Structures are given as C-alpha cells and as structure tokens.
Amino acid sequence: MKKPELVITSSPDDGFLAGHCSYCYSVKFKLQGNTIDHKKLLRGMFDQHFKRVHLREDASQSAARIVREATERD
C-alpha cells in the first residue's frame, strides 16, 4: 500500500497555498500566502495529520511494545 502524501492543488501564481491528503480527500489544508515559510507550515500541517491518522503500529511493533512494557514493570 502506498504511503499517503500531501497533494498541492494551488498553482505557484496563486496568493494562497492549498492541498489535501492523497488518502483522505475530505482533509484539506489552506493558507493565505505562498512563500517558502507558508510551504513549510503547510507541510507541518500535513505531517501532524499523517501522524494522527495514518501512523499506526503494525502487529510486530505491537508485540514488541507489549513485551517491552511487560518487562519494564518487573
């Protein structure tokens, strides 16, 4: 499965930046301005969305966490 990406929907000549998540079409990001700082901010907004929604542990990560937590208590 392909990793979700930030899709920019505005053009460089627009006075704003707009984009959305390639998996969550209803999740949209928009900022007034179109500078490098605005692009970094838009990327940060997407990264927060990605961590909150798409970053989940798989079965092997879950098993390792359970073992680690069980051994830390002893």
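# A tour starting from histidine 49

Select histidine 49 first; this residue is found in helix 1. The model on screen is a predicted one. Is histidine 49 buried or exposed? Its relative accessibility is 4%, so histidine 49 counts as buried, the cut-off being under 20%.

Now show what surrounds this residue. Leaving aside residues up to four places away in sequence, histidine 49 touches Cys21, Cys24, Val27, Phe29 and His54. With one of these there is a polar contact: the side chains of histidine 49 and histidine 54 meet at 3.2 Å.

Next, zoom out to the whole chain. The protein chain holds two helices and three strands, and along the sequence they follow the pattern β-β-β-α-α. Of its 74 residues, 24% are buried. Colour the surface by atom type: about 5,800 Å² is exposed, and 55% of that comes from carbon and sulfur atoms. For contacts between residues at least 6 apart in sequence, 21% join residues at least 24 apart.

Select the strands. The three of them form an open sheet, ordered 1-2-3, with antiparallel pairing. Strand 1 (6-8) and strand 3 (28-32) are the edge strands, each pairing on one side only. From one strand to the next, the twist averages 25°. Then add helix 1 (residues 36-54) to the selection: this helix packs on the sheet and touches strand 1, strand 2 and strand 3. The direction of helix 1 makes about 160° with that of strand 3.

Look closer at strand 1 and strand 2 (residues 16-21). How many bridges join strand 1 to strand 2? Three bridges do, and the two strands run antiparallel. Which residue of strand 2 stands opposite isoleucine 8? That residue is glycine 19.

Finish with the aromatic rings, where the count comes to two pairs. Phenylalanine 29 and phenylalanine 46 form an edge-to-face pair, with 6.2 Å centre to centre and 85° between the planes. This pair links distant parts of the chain, since phenylalanine 29 lies in strand 3 and phenylalanine 46 in helix 1, 17 residues apart. Both phenylalanine 29 and phenylalanine 46 are buried.

Select phenylalanine 50 as well. Phenylalanine 46 and phenylalanine 50 form a tilted pair, at 6.3 Å centre to centre and 40° between the planes. They are four residues apart in helix 1, so about one helical turn separates them. Like phenylalanine 46, phenylalanine 50 is buried. Shown together, Phe29, Phe46 and Phe50 are linked by ring pairs into a cluster. Phe29 is also among the residues that histidine 49 touches, which brings the tour back to its starting point.

Key. Residues numbered from 1 in each chain as written. Predicted model: local features only at pLDDT ≥ 70, side-chain atom pairs only at ≥ 80, totals over all residues. Heavy atoms only, no water. Pairing = 2+ DSSP bridges. Axes fitted to C-alpha atoms, helices over the stretch in contact; angles between N-to-C directions. Contact = heavy atoms within 4.5 Å. Buried < 20%, exposed > 50% of the residue type's maximum accessible area, 1.4 Å probe, protein only. Polar contact = N/O pair within 3.5 Å; in protein donor to acceptor, adjacent residues only side chain to side chain. Areas by Shrake-Rupley, 256 points an atom, 1.4 Å probe, with all protein chains shown as cover. Phe/Tyr/Trp six-rings, centres within 6.5 Å; stacked < 30°, edge-to-face > 60°.
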